[in-house]
Amino acid sequence: VLGWFYVFPAYRLPSDKEIVEEVLGLGEAWKKNQTGIDLYRNLLTECCNPRWMFSVTKENAPIGKVLWYDGEYYYSHTVNNETYSIFVQTTPLKPLKKCAVVGNGGILRHSKCGRDINQADFVMRCNLPPLKKEYLEDVGNKTHLVTANPSIIEKRFQGLFWSRKAFVDYLKAYGSSFIYMPAFSMRPGTDPSLRAYYAITDSPSNLTMLFANPDFLRNVGKFWKARGVHAMRLSTGLFLVSLALGMCDEVTVYGFWPFSIRLDGQPISHHYYDNILPDKWIHTMPEEFVQLWHLHKSGTLRVKVGSCR
Ligand code: CDP
């Protein structure tokens, strides 16, 4: 054990206070750096090919293809007639200009960032967040892609075994966006994801279900691991940022601030809508934030942490 410390000097993540001070020190100034943007687009295209590999499609997952779950040690699904029939034909994603990736951080509360977010060409959100009127000014309502964790289907909508109405009604807030579900990441997630697919397609809804490609998730995980993110699994937000960096000319991220104080020192909740804390063993969001902050400082993407007005 001692030898390990000699070879690898102890890696210490800056404390919350140090990060807040560093962010305050730099202020809101930001300068776009096309070289950084091009570099990350190339790096991400090489490792993970986001545009084509982001979701499973009939093209990248034909019948007989073995999908190895990225969240399990040794478990797979072999694409069959039934699963093939519910995959989209090809990637529905186009190269984009201005993208907004909206995390669920409490920093968004009273940020007045809704208008800025709504002005982006493509808005991505995480985990079916509430878009009620009371949050409109702070988080906007435009959505082009929203992720849904299978556990939400189980917990909030009783696994869709009973009424599907509450689920279908709830989804109306997302208009005609893509719903992105990791159906082939963890074994218990597959059935609820398929049920969610049928609930959407059996109802008069304009949403399109996309299933996360486990190869993409695994490769993105490796990409960030090589850059110092040691989490067992990346947060949903970082997967979306990776997609955005591979596809968009300009990326702004909102609601990424996994700290309990605002820049003015006031306490904030974990989410803009509640204060349920994450499981620290699974995600290490502050570690991810440090990466996002590096990208912000190099002009590769913009991290919005203060107020927008
Ligand atoms: O399911 P997960 O814990 O990954 O996400 P969430 O709590 O629904 O929030 C969505 C995303 O926003 C996370 O995946 C993080 O990337 C980001 N987030 C953040 O950076 N700071 C917070 N205080 C809360 C969320």
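Reader: What is the order of the strands in the open sheet of 7 strands?

Author: Happy to help! This is a predicted model, where local features need pLDDT of at least 70, side-chain atom pairs count only at pLDDT 80 or more, and totals for chains, interfaces and linings use all residues. Residues are numbered from 1 along each chain as its sequence is written, and side-chain values use heavy atoms, leaving out hydrogens and water. In general, strands of a sheet pair through backbone hydrogen bonds, either parallel or antiparallel. Here the order is β7-β6-β5-β4-β3-β8-β9, with parallel pairing. Strands are DSSP runs of E, at least two residues, numbered from the N terminus, and two of them pair if DSSP finds at least two bridges between them.

Reader: Which are the edge strands?

Author: Look for β7 (208-211) and β9 (302-304), each of which pairs on one side only. Further in, β5 (residues 145-147) and β6 (residues 178-181) pair in the parallel sense over 3 bridges. There, Leu145 stands opposite Phe178 in β6.

Reader: And the ligand: which residues come nearest to it?

Author: A residue is near a molecule if one of its heavy atoms lies within 4 Å of it. Of the 16 residues around the ligand, Asn127, Ser235, Gly237, His270 and His271 come nearest.

Reader: Where are polar contacts with a nitrogen atom of the ligand?

Author: For the ligand, a polar contact is a pair of N or O atoms within 3.5 Å. A polar backbone atom of His270 is 2.9 Å from a ligand nitrogen, and one of Trp257 is 3.1 Å from a ligand nitrogen.

Conventions
Polar contact = N/O pair within 3.5 Å; in protein donor to acceptor, adjacent residues only side chain to side chain. Helix = DSSP H or I, 4+ residues; strand = E, 2+ residues; numbered from the N terminus.
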